[in-house]
Amino acid sequence: MAWRCDGCGEWSAHGHTVDFCQVDLSGFHPTIALHVALHDPARVLREIETKRRILARHARDPWPCHDLRDLSSPYTDHPDFPARA
C-alpha cells in the first residue's frame with residue numbers, strides 16, 4: 001500500500017503529531033509518532049527496491065545462501081515462509 005501514498009512528500013513527527021503531508025494526525029505517543037514518520041512510503045519503497053536488487057543478484061545461488069538467509073530471517077514466522085529455509 002506504500003505506493004498509494006508515494007509522492008506526497010516526506011512524513012515527519014512533531015511531538016504527539018505525525019504530519020502526513022496533506023493531514024496531521026495527533027494523539028500518538030511521541031515515540032510512536034517518530035516510528036510512523038520514519039516508515040513513510042518513500043522509505044518503504046526504497047527498502048523494497050533494495051531487497052529486490054539483492055534477490056536478483058542471488059537468483060542463481062543455491063538456497064539458502066547466507067545473504068538470503070539473513071534477509072529472510074524476520075519473516076520465519078510468516079505462513080508463506082518456505083519450509084526449506
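This is a short talk about the fold of one protein and the pocket on it.

Okay, so before anything else: what you're looking at is a predicted model. Let me start with the overall layout. The protein has four helices and three strands. If you walk along the sequence, the order goes α-β-β-β-α-α-α, so keep that pattern in mind when we get to the pocket.

Next, how much of this protein is tucked away? Of its 85 residues, 16% count as buried, and by that I mean under 20% relative accessible area. The accessible surface adds up to about 6600 Å², and carbon and sulfur atoms hold 56% of that.

On contacts, take the ones with a separation of 6 or more. Residues 24 or more positions apart make up 26% of those.

Now, the pocket. The largest one comes out at a volume of about 190 Å³. Which residues line the largest pocket? You can find them on the structure: K51, L55, W63, L68, L71, S72 and Y75. Two elements each give two or more residues to that lining, namely α3, which covers 41-57, and α4, which covers 66-72. And which element gives the most? That's α4, with three residues.

What about the chemistry of the lining? Sorted by type, there are five nonpolar residues, one polar and one charged. The charged one is K51 and the polar one is S72, going by the usual side-chain classes.

So, to wrap up: four helices, three strands, and a largest pocket to which α4 gives the most lining residues. Happy to pull up the pocket on screen if anyone wants a look.

Key: Residues are numbered from 1 along each chain as its sequence is written. This is a predicted model: local features need pLDDT of at least 70, side-chain atom pairs count only at pLDDT 80 or more; totals for chains, interfaces and linings use all residues. Side-chain values use heavy atoms; hydrogens and water are left out. On a 1 Å grid over the protein atoms alone, a cavity is a set of points where a 1.4 Å probe fits but cannot get out, and a pocket is an open set with protein on both sides within 12 Å along at least five of seven lines; lining residues have an atom within 4 Å of a point. Grid points are joined across faces, edges and corners, and a volume is the space filled by probe spheres set on the points. Buried means under 20% relative accessible area, exposed over 50%, partly exposed in between (1.4 Å probe, protein chains only). Contact means heavy atoms within 4.5 Å. Accessible areas come from the Shrake-Rupley method with a 1.4 Å probe; for residues, only the protein chains shown count as cover.
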